[in-house]
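Q: I should like to learn how to read the features of a protein model. May we work through one together, beginning with a single helix?

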Amino acid sequence: MNVEKEVASLGVKKKGEERGTKCEPPHGQTSDDAVEMQITARFRERWQAASEAYHAYVAQYRRRLDLAIDMAGNVEEVALGSVGDFLAITKEAALHLHNQRVLVSDLEDEYRHFRQANRLQRTALPRRSHVFNVGVLLFAIVAESVLNGAFLAHIFGGALLIAFLFAVGISAVNVLASLLCGIFSRYVQHVGFVKRLLGLVAILFFLAWAAGYNLFVANFRDAAEGIEWEQALIVSVQNFIASPWTLENFQSWMLALLGALISVIVFIKGVLWDDFYPGFGSLARRREAANDRFADMASEAMDEIRSVRAARRDDLQAARERLIIGLNETTLILTEQSSLAMQYATYHQQLQDATNYALSVYREANRSARPDNCPPPEYFNRLHKLPEPQKVANTEHVTVESEKLKKGFDKALEKARKAIEEAYQSAVTSIPQFDDLDRARE
C-alpha cells in the first residue's frame with residue numbers, strides 16, 4: 001500500500017491548512033472532525049475488506065479441519081456395518097438352510113427306510129444321465145430301420161425312402177416294447193409279491209415279443225414276394241398263425257434274427273436304465289440332489305460372508321489411508337491458517353500506521369496554520385486505533401495432536417478388526433454344515 005499516494009489523494013495537508021486558518025477544529029473539541037473522519041473511514045474500509053476476507057478463509061480452514069478430523073470416525077462405522085451385514089447374511093442363510101436341512105434329513109430317513117424295507121445291503125447305483133442310453137436306442141432304431149428298409153425295399157417297388165419310413169415304424173415299435181419290458185423286468189427282484197409278479201410277466205412277455213414280433217415281420221417279408229403289401233399283410237397273419245417258423249427266404253430269417261438281436265440289446269438297456277432295484281435309483285438321485293443343494297447353499301453363504309469380510313478389511317485400510325491424508329491436511333491447514341493470521345496482523349498494523357500518519361499530516365498542517373491565539377484541540381495528540389485483529393493461531397500443538405489422533409485411530413482400527421473377525425467367526429459357526437446333519441441324525 002502506497003501511504004503517500006493515499007494521503008495525497010485525500011488532500012489532507014491542504015485541508016489541514018485551510019481549517020487551521022479558520023481555527024477549526026476548536027480547542028475544546030474532543031472528537032475527530034469531518035476531515036479526520038474521512039481519513040479514518042478510508043482506511044477502515046481497507047481494514048473491513050481485509051477482515052472479511054480473513055474470516056472467510058478462517059471459516060474455510062475450519063471446515064477442512066473438521067472434515068479431516070471426522071475421518072477417524074469412519075472406523076467405528078465400518079466395524080458396526082460389518083457386524084450388521086454378517087448378522088443379516090447369517091439370518092437369511094440360516095432360514096433357507098434350515099428348510100433345506102429338513103428336506104435332506106427327511107430324504108435320509110426315507111433312504112434308510114427304503115433299504116431296510118426292501119432288504120438292500122448295498123448303496124444305490126443311480127444313472128446320472130440317460131444321454132448314452134438314449135443314443136444307443138436311437139442308433140438301434142436307425143440301424144434296424146436301414147437294414148429293414150433294405151430287406152423290404154422290393155415290397156414298395158424299390159422306393160427306398162418309403163421302405164425306410166416303414167422300417168422306422170417297425171423298429172420304433174420293437175425298440176419301445178423291448179425297452180419297457182426291460183425296465184419292468186427289474187421288478188422280478190422286488191420284495192412285494194405283486195410287483196415281483198409284474199416283473200416276471202414283463203420277462204415272459206419280452207420272450208414272446210422278441211420271438212413273435214420279429215417272426216411276424218419276417219413272415220410279412222416272405223408273403224410280400226410278388227404281391228401288394230396290403231395282401232401280404234393278410235397272408236402273413238395267416239401264415240404266422242399257422243406256422244410262424246416256416247420261412248422260405250433266407251433274407252427273412254436274417255430280418256427275424258436282426259430284429260431279435262435288437263430286442264435283446266434294447267431289453268438289456270432297459271434293465272440297466274437305472275439301479276437294478278426299482279425306485280432305488282430315483283430316490284438316491286433326489287437324496288444326492290438335496291445334499292448337493294444344501295452344500296451349494298452353505299458354500300454360497302460362506303462365500304458371501306468372506307466377501308463381506310474382505311470388503312470391510314478394505315474399508316478399514318482405506319479409512320486409515322484417509323486418516324493419514326487427513327492428518328497431513330490438518331497440519332497443512334493449521335500452518336496455512338497461522339501464516340494467514342500473521343499476514344492479517346501485519347496488514348492490520350500497516351493500516352493503523354497509515355491512518356495515524358495521514359492524521360498526523362493533517363494535524364501538523366492544521367497546527368502550523370492556526371493563529372497564535374488558537375491552540376489545537378488536545379485530542380490531536382491521541383493516536384487512532386483500529387479494532388484489534390484476531391490472535392495468531394498457535395500451531396506448536398499440531399504435531400502432538402496429530403500423533404495422538406493417529407495412535408487413537410490405530411487402537412480403534414485394531415478394535416474394529418477384532419470385532420469384524422469375531423463377527424465373521426460367529427457367522428461361520430452359525431452356518432449349518434453336514435456335520436450338523438450327522439449329529440442331528442445320531
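A: Let us begin with helix H2 of this predicted model. Its buried residues are Val-12, Gly-16 and Gly-20.

Q: How are the buried residues of H2 arranged when one looks down its axis?

A: The general idea comes first. An α-helix has 3.6 residues a turn, so residues three or four places apart point the same way. In the present case, the buried residues of H2, seen down the axis, fall within an arc of 65°, so they line one face of the helix.

Q: Which exposed residues does the face of H2 turned away from the buried side carry?

A: That face carries Lys-14 and Thr-21, which are exposed.

Q: Which residue with a positive phi follows H2?

A: The residue is Cys-23, and its phi is near 60°.

Q: With which residue does Cys-23 form a disulfide?

A: To recognise such a bond, one looks for a pair of cysteine sulfur atoms within 2.5 Å. Cys-23 forms a disulfide with Cys-374, and their sulfur atoms are 1.3 Å apart. The structure holds one disulfide.

Q: Which parts of the chain does this disulfide tie together?

A: Cys-23 lies in the loop between helix H2 (12-21) and helix H3 (34-70), while Cys-374 lies in the loop between helix H10 (280-369) and helix H11 (398-430), so the pair ties together parts that are 351 residues apart in sequence.

Q: What is the handedness of the disulfide?

A: One reads this from the torsion about the S-S bond. For Cys-23 and Cys-374 the torsion is about 85°, so the disulfide is right-handed.

Q: Are Cys-23 and Cys-374 buried or exposed?

A: The reading depends on relative accessible area: buried means under 20%, exposed means over 50%, and partly exposed lies in between. Cys-23 counts as partly exposed because its relative accessibility is 26%. Cys-374 has a relative accessibility of 5%, so this residue counts as buried. Another cysteine, Cys-181, counts as buried because its value is 6%.

Q: How many helices and strands does the chain have?

A: The chain has 12 helices and zero strands. A pattern along the sequence lists these elements in order, and here the pattern is α-α-α-α-α-α-α-α-α-α-α-α.

Q: What share of the residues in the chain is buried?

A: Of the 442 residues in the chain, 38% are buried. The accessible surface of the chain comes to about 25200 Å², and carbon and sulfur atoms account for 60% of that surface.

Q: What share of the contacts with a separation of 6 or more comes from residues 24 or more positions apart?

A: Such residues account for 83% of those contacts in the chain.

Terms used
Residues numbered from 1 in each chain as written. Predicted model: local features only at pLDDT ≥ 70, side-chain atom pairs only at ≥ 80, totals over all residues. Heavy atoms only, no water. Helix = DSSP H or I, 4+ residues; strand = E, 2+ residues; numbered from the N terminus. Buried < 20%, exposed > 50% of the residue type's maximum accessible area, 1.4 Å probe, protein only. Contact = heavy atoms within 4.5 Å. Areas by Shrake-Rupley, 256 points an atom, 1.4 Å probe, with all protein chains shown as cover. Arc of directions from axis to C-beta.
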